[in-house]
Amino acid sequence: MIPIPHCAVVTTPVEGRVRRLADDGTDVAAGDVVATVESAGRPIELRAPRAGRVAGALAGLAQPLGAGEGVLWLARA
């Protein structure tokens, strides 16, 4: 993978289904919850790795994902 310093991809660490996504254009701080994935009936909160702005979803609500897949991406605010 080629590093792109102007954006960050939020990935899921577990297999599951997307249950919540932050809205596009939302400004977030490092550590803010930006998405929730349900795995084995438990919600897993996905947090922003750095400050930025939610630039777009890479997955839709209720979409099944495998561990390591992208959920959304952040741009510099």
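**Note on an all-strand predicted model**

1. Start with one loop residue. Asp24 is exposed, because its relative accessible area is 52% and exposed means over 50%. Asp24 sits in the loop that runs between strand 2 and strand 3. The model is a predicted one, and what follows should be read with that in mind.

2. What does Asp24 touch, once its neighbours within four places in sequence are left aside? Its contacts are Val54, Ala55, Gly56 and Ala57. Strand 6 covers residues 52-57, so the DSSP run numbered 6 takes in these four contacts of Asp24. Trp73 also deserves a look from here. Asp24 and Trp73 are 49 residues apart in sequence, yet their C-alpha atoms are 9.5 Å apart in space.

3. Now the overall plan. The protein chain has eight strands and zero helices. Along the sequence the pattern reads β-β-β-β-β-β-β-β. The strands are arranged in sheets, taken one by one below. In general, strands of a sheet pair through backbone hydrogen bonds, either parallel or antiparallel.

4. One open sheet holds four strands in the order 1-8-6-3, and its pairing is antiparallel. Strand 1 (7-11) and strand 3 stand at the edges; each has a single partner strand, so one side of each is left without a neighbour in the sheet.

5. Follow the pairing inside this sheet. Strand 3, residues 27-28, meets strand 6 through two bridges in the antiparallel sense. Asp27 has Arg53 of strand 6 as its bridge partner. Strand 6 also pairs with strand 8 (residues 70-75), again antiparallel, over four bridges. Here the bridge partner of Arg53 is Ala75 in strand 8. Arg53 therefore has bridge partners in two strands, as DSSP finds them: Asp27 and Ala75. Further along, Gly56 stands opposite Trp73 in strand 8. Gly56 is also one of the contacts of Asp24.

6. Another open sheet of four strands has the order 5-4-2-7, with antiparallel pairing. Its edge strands are strand 5 and strand 7 (64-65), and each pairs on one side only.

7. Which residues stand opposite each other where strand 2 meets strand 4? Arg20 faces Thr36 of strand 4, and Arg17 faces Glu38 of strand 4. Strand 2 (residues 16-21) and strand 4 are joined by four bridges in the antiparallel sense.

8. Strand 4 also pairs with strand 5 (residues 42-47), antiparallel, over six bridges. Ala35 stands opposite Leu46 in strand 5. Strand 4 and strand 5 form a hairpin with two residues between the strands, and there Ala40 takes a positive phi near 55°.

9. Is strand 4 mostly covered or mostly open? Mostly covered: five of its seven residues are buried. Ser39 lies in this strand, which runs over residues 33-39. Ser39 counts as buried because its relative accessibility is 18% and the cut-off is under 20%. Leaving aside neighbours within four places in sequence, Ser39 is in contact with Val14, Glu15, Gly16 and Ile44. Gly16 belongs to strand 2, residues 16-21, and Ile44 to strand 5, residues 42-47.

10. How does the chain compare with a compact globule of 77 residues? Such a globule would have a radius of gyration near 11 Å; the protein chain has 12 Å, which agrees. Along its principal axes the C-alpha trace spans about 35 × 25 × 20 Å.

11. Contacts reach far along the sequence. Among contacts between residues at least 6 apart in sequence, 59% join residues at least 24 apart. Of the 77 residues, 31% count as buried.

12. Last, surface and charge. The accessible surface comes to about 4,600 Å², and 54% of this belongs to carbon and sulfur atoms. The chain has 8 positive and 8 negative charges, and their mean positions are 3 Å apart.

Key: Residues are numbered from 1 along each chain as its sequence is written. This is a predicted model: local features need pLDDT of at least 70, side-chain atom pairs count only at pLDDT 80 or more; totals for chains, interfaces and linings use all residues. Side-chain values use heavy atoms; hydrogens and water are left out. The radius of gyration is taken over C-alpha atoms; the globule rule is 2.2 Å times the number of residues to the power 0.38. Buried means under 20% relative accessible area, exposed over 50%, partly exposed in between (1.4 Å probe, protein chains only). Contact means heavy atoms within 4.5 Å. Accessible areas come from the Shrake-Rupley method with a 1.4 Å probe; for residues, only the protein chains shown count as cover. Lys and Arg count as positive and Asp and Glu as negative; His and the chain ends are not counted. The place of a charge is taken as NZ of Lys, CZ of Arg, CG of Asp or CD of Glu.
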